[in-house]
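Subject: Structure for you to look at

Dear colleague,

I am handing over the structure that we talked about, and I would be glad if you would look through it before reading my notes underneath.

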Amino acid sequence: MKSFFPLLALMVFLIFHLSIYFFFIRQIIQPKIPRLVLKYFLIFNFFGVIAYFAARYFVDFPQSLYFLVSLSIGVGFVLFVVMLVYQILKLVLWLLFWLFPSFSKERRGFFQRVLNLSSGIFALGYLGVGLVEGRLQPKIERVKIPLKNLKNSMNAVQISDLHIGGLIEENVVRQIVQQINALKPDFIVLTGDIVDTEITKVSRAIAELAKLNAPLGVYFIAGNHEYFHSIQPLFEGLKSIGIRVLENECVQLVKNQGTNEEAIVNLAGVYDLFGRRIGVLEPNLEQALQDRIESQPLILLAHQPKFALEVKEHHRVDLILSGHTHGGQIFPFRFLVKLDQPYLAGLYQHSPTTQIYVNRGTGFWGPPMRILSRAEITFFEFVVGE
């Protein structure tokens, strides 16, 4: 699977680049030399995409070079979107000319030149905005949720999809850990895709995760990207720094009540759905809920939001915490994400008794870009519900 995913992605980006050239560049650039320059730029950019996947999954690149090749992913996607917008607007122009045949040849040429110029400006602005938003510090999203049968209010922090490796190194992780600890949460959950390389390559970043501080513990579940690398050494590495890995299991969060200890919340976690595709570490909800305490509320950690479709009324899950979607990361990719996932970002009422919250991701995958989907750290205030 480690080699299949990059191959599939490369096929998609090859289609992107061919489409960009034939349905955008060739149509807006008439002079031969500028068109040839852009043609070779696209070829160079596609080789950058190849280099990105090589650096991500097979060989080590210096970070400065890794940054440049990662931009190739963003450039390819952004130009493909601009190409689609251009073709739609071109169709609108064609309809306009058809409805008003009295438009002179000069006027038609003027509208076409305006469309071509504005498309180029739009492409540059689109890239610029994405780079700026992608480098912003994660936003603290504060969410208040009532939990049935909760006896005392408590709080928690969720991060997801940090994708440690590549451009996410110890300095970035250190800043995020500082943001989290400043919130003083009772417990912390990491809902998958936290590490996206071999753990041996990011030992210093993992050491920063060891500084996460919460009296009721730090908990982790696997996301799909953890399966692309050596997953068992990752589990062992996280356990060695005090992070509890939930592997189709449930634990009780215990809080001191005077001189006594009392379980106040069930916290369950399942393996990612990707495990079913490869027949390794498959999610099992029934197993994960075996050790629950029936009288306490239950929070379920499941990396992909569509796992909620397996949660039925009889499971009595109060809240699901997920990630995976990145909130779409680069608009309008969110519409493609919605084809695969029922929930994109934020809080949803999944059923009369179950809510789900989807974190937009604390890092990024691919280019250091985000558009209309800023990275987030979620701070939950859980209050007594009816």
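What follows is a short account of what was found, beginning with the interior and ending with some details of the backbone.

Please keep in mind throughout that this is a predicted model.

The largest nonpolar core has 80 residues, and those with the most contacts inside it are Phe 53, Ile 164, Ile 194, Leu 209 and Phe 220. Helix 3, which covers residues 63-99, gives this core its largest share, namely 14 residues. Apart from this core lies another one of 24 residues, including Leu 216, Tyr 219, Leu 246 and Ile 264. If you would like one residue to start from, Phe 53 is in contact with Phe 5, Pro 6, Ala 9, Leu 10, Phe 58, Ile 73 and Trp 365, once its neighbours within four places in sequence are left aside.

Turning to the aromatic residues, a search of the whole structure finds 21 aromatic pairs. In one of them, the ring centres of Tyr 52 and Trp 365 are 5.8 Å apart and the planes stand at 85°, so this pair is edge-to-face. The pair links distant parts of the chain, since Tyr 52 belongs to helix 2 (residues 32-57) while Trp 365 lies in the loop between strand 11 (355-358) and strand 12 (376-384), 313 residues apart. Tyr 52 is buried, with a relative accessible area of 0%, and Trp 365 also counts as buried, at 17% relative accessibility, because the cut-off for buried is under 20%. Elsewhere, Phe 13, Phe 16, Phe 77, Phe 80 and Phe 333 form one aromatic cluster, and the charged end of Arg 142 sits over the ring of Phe 379, 5.2 Å from its centre.

The largest pocket holds about 1,400 Å³ of space. It is lined by 40 residues, of which Phe 5, Phe 333, Leu 336, Val 337 and Trp 365 are the closest to its centre. Helix 1 supplies the largest share of this lining, 7 residues.

Finally, a few backbone details deserve a careful look. The peptide bond from Phe 331 to Pro 332 is cis, with omega near 10°, and Pro 332 is placed in the loop between strand 9 (319-322) and helix 10. His 326, in the loop between strand 9 and helix 10, has a positive phi of about 60° although it is not a glycine, and this histidine is buried, with a relative accessible area of 6%. His 163 has a positive phi as well, near 55°, and is buried at 1%.

With best wishes

How values were computed
Residues numbered from 1 in each chain as written. Predicted model: local features only at pLDDT ≥ 70, side-chain atom pairs only at ≥ 80, totals over all residues. Heavy atoms only, no water. Core = buried A, V, L, I, M, F, W, Y, C linked by side-chain atoms within 4.5 Å. Buried < 20%, exposed > 50% of the residue type's maximum accessible area, 1.4 Å probe, protein only. Helix = DSSP H or I, 4+ residues; strand = E, 2+ residues; numbered from the N terminus. Contact = heavy atoms within 4.5 Å. Phe/Tyr/Trp six-rings, centres within 6.5 Å; stacked < 30°, edge-to-face > 60°. Lys NZ or Arg CZ within 6 Å of the ring centre and 35° of its normal. 1 Å grid on protein atoms, 1.4 Å probe; cavity = no way out; pocket = protein on both sides within 12 Å on 5 of 7 lines; lining within 4 Å. Points joined across faces, edges and corners; volume = space filled by probe spheres on them.
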